[in-house]
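Hi everyone, thanks for coming. I'd like to walk you through a structure I've been looking at, so let's get it up on the screen.

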Amino acid sequence: METLLEILSDLHPDVDFETEDRLIDDKILDSFDIISIISEVADQFDVTISAEYIVPENFNSAEALYDLIQKLEDED
Amino acid sequence: MKKKGFKVVLTLVILVGSLWLLQRLLMPKYVTGVVEGALIAEYYPEEKNHDVIFIGDCEVYENFSPQILWEEYGINSFIRGSAQQLIWQSYYLLEDTLRYETPKVVVFNVLSMKYNEPQKEAYNRMTLEGMRWSMSKVNAIKASVTEQEQFLDYVFPILRYHSRWSEIKGDDFRYMFDTKKVSHNGYYMRVDVKPAGTIPDPKPLADYRFGENAYAYLDRMTALCKEKGIQLVLIKAPSLYPHWYDEWEEQMEEYAEENDLLYINFLDLIDEVGLDFQTDTYDGGLHLNLSGAEKLSRYFGTLLTEQTEVSDRRGEEALQRTWAEKRTAYDAEIAYQKEKYQIEK
Amino acid sequence: MLFTSYGFIGFLAVLFLLYYLIPAKYQWMLLLAASYLFYWFANPVYLLYICVTTVSTWFIGRRIEAVRSVQSAYLAEHKQELDKEAKKSYKALMKKKTWHLLLACLFFNLGILAVVKYTNFVISNVNAVIYAIGAGQPLSFVNIIVPLGISFYTFQAMGYIIDVYRGTVKAQDNLFRFALFVSFFPQLVQGPISRYGDLSESLFAEHPRDWSTISLGLQRMLWGYFKKLVIADRMLIGVNTLIQNPDTYYGAYAFLGMLFYALELYADFTGGIDITIGIAQVLGVKVTENFNRPYFSKSIKEYWNRWHMTMGSWFTDYIFYPISVCKPMLKLSKASRKALGETIGKRVPIYLSSFVVWFATGIWHGASWNFIAWGLGNWVVIMISQELEPLYQRFHNRFHVRGSFFFRLFQVIRTVLLMSCLRMFDCYRDVPLTFRMFGSMFTGGNWKELLNGSLLQLGLTLTDYRILFFGLVLLIAVSLIQRTGSVREKIRKLPYWGRFLLWYGLFLCVLLMGAYGVGYDASQFIYNQF
């Protein structure tokens with residue numbers, strides 16, 4: 001989780017990712033941000049988030065994203 | 001519930017009522033300027049027991065004066081003419097007229113044989129709009145619409161005239177419900193004079209045959225008259241222009257002979273009628289003015305009396321009275337126009 | 001059948017009436033019949049194309065679903081005996097199967113789209129090459145009809161099959177229901193491109209008669225007709241004069257044409273979508289919004305999140321993301337970061353996949369270099385503004401104008417002008433001419449001519465300009481009110497006669513000021529051709 005929060009804050013230092021849960025709905029993250037996050041995640045967690053998982057529910061909060069990463073790690 | 005029903009009804013009344021008023025307001029009134037659009041409608045309020053009905057284009061409604069036909073021959077006639085009346089329109093106007101009365105003679109001016117297809121929207125409007133609704137009108141519209149026109153535009157003329165709001169004038173309010181007579185039994189009078197000058201040489205045509213469609217309607221017209229026991233008289237008015245080709249003349253003569261119809265080409269009778277294109281036309285030979293029309297009417301009156309079944313009805317008192325009134329209006333128009341065109345009495 | 005034809009209005013009137021007279025469970029069947037009838041009116045041959053796409057996509061959707069159920073049945077049956085590795089490899093095997101099915105479907109249907117839309121474009125380019133190298137006979141063009149709305153329904157169907165593959169929606173078993181999803185007539189001509197997950201529920205549901213929904217739908221339609229008939233079709237006269245005579249109308253006129261076109265396109269496209277969504281609403285069907293007051297956007301990127309939104313999100317979800325996060329791209333990302341450093345290297349894959357998306361967006365709009373240039377133009381602008389982001393940041397840190405009204409206004413105007421400039425590509429005949437006309441705006445030096453009455457020579461009368469001005473004011477006013485919620489909902493709160501007056505007034509505006517009937521050429525929606 002720590003690593004993930006670091007990735008996110010690098011991208012948008014002004015957003016409090018621990019509490020924010022409308023990252024997509026409020027258009028805080030755009031498509032370019034999402035791609036950056038996915039490539040960082042691929043590096044750090046060794047998990048590939050494929051396109052089918054790019055839906056608002058998975059990216060609206062850091063927690064949701066973390067859950068997704070965990071789930072994908074499990075499947076591997 | 002009751003209150004709601006009332007609201008709905010009131011809404012509908014306001015909706016339909018205001019749209020209807022708007023439509024009346026936006027439709028062209030044809031009382032000044034282009035008055036030709038008003039001609040067709042002027043038939044309906046008339047007492048309908050005519051002996052002779054004219055159908056055709058400007059070559060009938062500008063060239064014959066029913067007033068003279070009555071006063072000098074006792075012929076009670078009406079002209080159902082309109083600008084560039086196409087032959088199918090003439091046919092359906094005849095059908096329309098026969099819903100009200102059966103004249104002894106129908107006179108048709110054959111110039112429109114030259115058109116085989118719908119021509120101009122504006123002319124369609126001026127002919128068709130004045131017609132009362134009947135199957136004849138429906139068919140006339142269907143036969144006449146150009147590519148850009150829609151039948152619905154005739155049912156709801158507001159769709160056609162919707163953009164006229166920016167050019168509404170006093171007349172549009174004044175004649176919203178009421179109209180002013182512009183013709184004398186369908187005759188459009190002009191007293192001014194513009195002598196005929198040089199007439200442009202006729203252009204040779206690729207094909208001189210009248211179209212199939214035109215012939216079809218002429219056939220229908222002939223058949224309808226036969227069926228109703230009406231004598232159909234074909235004429236070609238003595239207008240110098242548009243040019244009447246010899247090839248056309250041949251076809252008409254042939255048709256008249258085949259169908260046993262009386263056909264008169266007044267272009268051949270200019271001297272007999274006594275027309276002088278220096279004084280008897282108001283637009284350089286296209287149409288006759290009052291003086292020309294009266295001359296032509298006199299000649300035609302004699303011809304009708306001699307060659308058709310029409311009788312002198314000057315003995316009928318009711319008719320006498322109506323025509324006396326019409327004379328007053330006729331004279332008033334002459335006086336008004338002489339003033340307008342500054343012509344010495 | 002154009003949306004603005006009497007025939008279409010009559011068609012709708014009959015449909016609406018029948019729709020609420022028949023038992024609600026048959027409503028969707030009526031819609032299917034109406035949609036096919038609508039398409040048949042346009043051209044019976046089109047039906048062939050849409051049927052092929054419908055049946056093939058439906059069939060493959062079911063096949064994918066079938067593979068899935070085999071997989072879960074197998075896994076459930078052999079739960080005990082399989083270890084994790086075996087499960088994984090079995091899943092991968094099945095995934096491969098569905099992947100092949102998906103690819104077959106995409107290739108087949110996008111292939112049809114490509115052939116009918118782009119064959120002649122390819123031929124003309126090949127000919128240009130042949131001509132340039134002076135080799136041999138040029139190829140002759142082929143005569144293919146492009147079915148109405150093929151880009152829209154193909155995209156909609158392909159979105160469905162990808163969603164089925166991803167497992168986000170369940171495949172539709174009923175061929176006829178699926179056929180309705182693909183052919184739903186209000187959106188067939190010009191979108192929006194709906195997602196199966198968004199549209200299907202309300203499309204197949206039973207809709208009892210609900211006056212408030214029906215009247216809201218009718219109101220939306222009326223507003224759409226206002227935009228379309230009063231503004232767009234009138235503006236079109238001026239636009240056509242300006243862009244079809246570039247030799248006469250250059251410089252200041254090119255600028256004017258650009259603005260006219262911006263207004264016309266907006267009124268035409270959003271008006272058409274209003275009519276579409278309005279019709280659907282009358283029928284009780286919820287269609288996704290396609291616009292969110294796009295001309296109020298503060299940047300091009302924001303603009304593309306607010307203009308033709310369903311198309312934008314289609315490209316993002318089904319092209320941009322898959323390309324950006326596919327394994328080779330991630331590898332490339334790693335490599336480029338190593339070679340070019342963290343900041344620049346990170347952007348390489350993003351720029352690459354955006355390039356693909358914008359190229360595709362361009363060519364989707366039309367088979368010509370103009371549209372490709374337009375698409376890539378958008379790409380360039382977005383990339384540049386992305387690169388300048390740090391610079392903007394520094395500017396804002398120094399000058400605190402970000403929130404101020406005038407700065408926002410400046411941003412909005414800048415965006416509108418930028419977008420309008422880019423759109424010149426789809427106005428002028430070819431790309432070089434577009435550049436020439438763009439240049440002439442700065443060198444033309446004929447700005448004074450705009451004041452000497454030549455504006456009245458463009459086919460628009462003073463009355464036309466007044467109407468356009470009135471329409472523009474109304475558009476802006478409505479958009480401003482919309483910021484705090486639906487205008488129709490606000491009007492609904494008014495007393496009865498107030499509402500009546502407003503809507504009847506709007507109806508009269510359309511009736512009296514609409515550019516329709518004799519004297520105005522019935523013009524097609526601009527987006528028809530795409």
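**A walk through chains B and C**

Let's start with chain B and who touches whom: among its contacts with a separation of 6 or more, 82% are between residues 24 or more positions apart. Before I go on, please keep in mind that this is a predicted model.

So what is chain B built from? Its secondary structure comes to 14 helices and five strands. If you lay the C-alpha trace along its principal axes, chain B spans about 80 × 50 × 45 Å. Now, why would we call its radius of gyration of 21 Å in agreement with a compact globule? Because a compact globule with 345 residues would have a value near 20 Å, and the 21 Å of chain B agrees with that. As for burial, 37% of the 345 residues in chain B are buried.

Next, the strands. A quick reminder: strands of a sheet pair through backbone hydrogen bonds, and the pairing can be parallel or antiparallel. Which is it in chain B? Here the five strands make an open sheet with parallel pairing, and the order is S2-S1-S3-S4-S5. At the edges you find strand S2 (77-81) and strand S5 (262-265) of chain B, each pairing on one side only. On average, neighbouring strands in this sheet are turned by 20° against each other, ignoring direction.

Let's zoom in on one pair. Strand S1 of chain B, residues 52-56, runs parallel to S2(B), and five bridges join them. One of the residues to look for is Gly56(B), whose bridge partner in S2(B) is Gly81(B).

Okay, over to chain C. The domain assignment splits chain C into domain 1 (20-209) and domain 2 (214-529). Their C-alpha centres are 28 Å apart. Where they touch, domain 1 of chain C gives 22 residues and domain 2 of chain C gives 22 residues. On the domain 1 side, the elements giving two or more residues are helix H4 (84-133), helix H5 (150-166) and helix H7 (196-204) of chain C. That side of domain 1 has 11 nonpolar, nine polar and two charged residues.

Last stop: how do chains B and C meet? The contact takes nine residues from chain C and 13 residues from chain B. On the chain C side, helix H19 (residues 496-513) of chain C has the largest share, with four residues. And what about charge there? The side of chain C that touches chain B has no charged residues, just six nonpolar and three polar.

That's my tour, thanks for listening!

How values were computed:
Residues numbered from 1 in each chain as written. Chains lettered and ligands numbered in written order. Predicted model: local features only at pLDDT ≥ 70, side-chain atom pairs only at ≥ 80, totals over all residues. Rg over C-alpha atoms; globule rule 2.2 N^0.38 Å. Buried ≥ 20, exposed ≤ 12 C-beta atoms within 10 Å, placed from the backbone. Contact = placed C-beta atoms within 7 Å. Domains from an automatic or database assignment. Nonpolar A, V, L, I, M, F, W, Y, C, P; charged D, E, K, R; others polar. Pairing = 2+ DSSP bridges. Axes fitted to C-alpha atoms, helices over the stretch in contact; angles between N-to-C directions.
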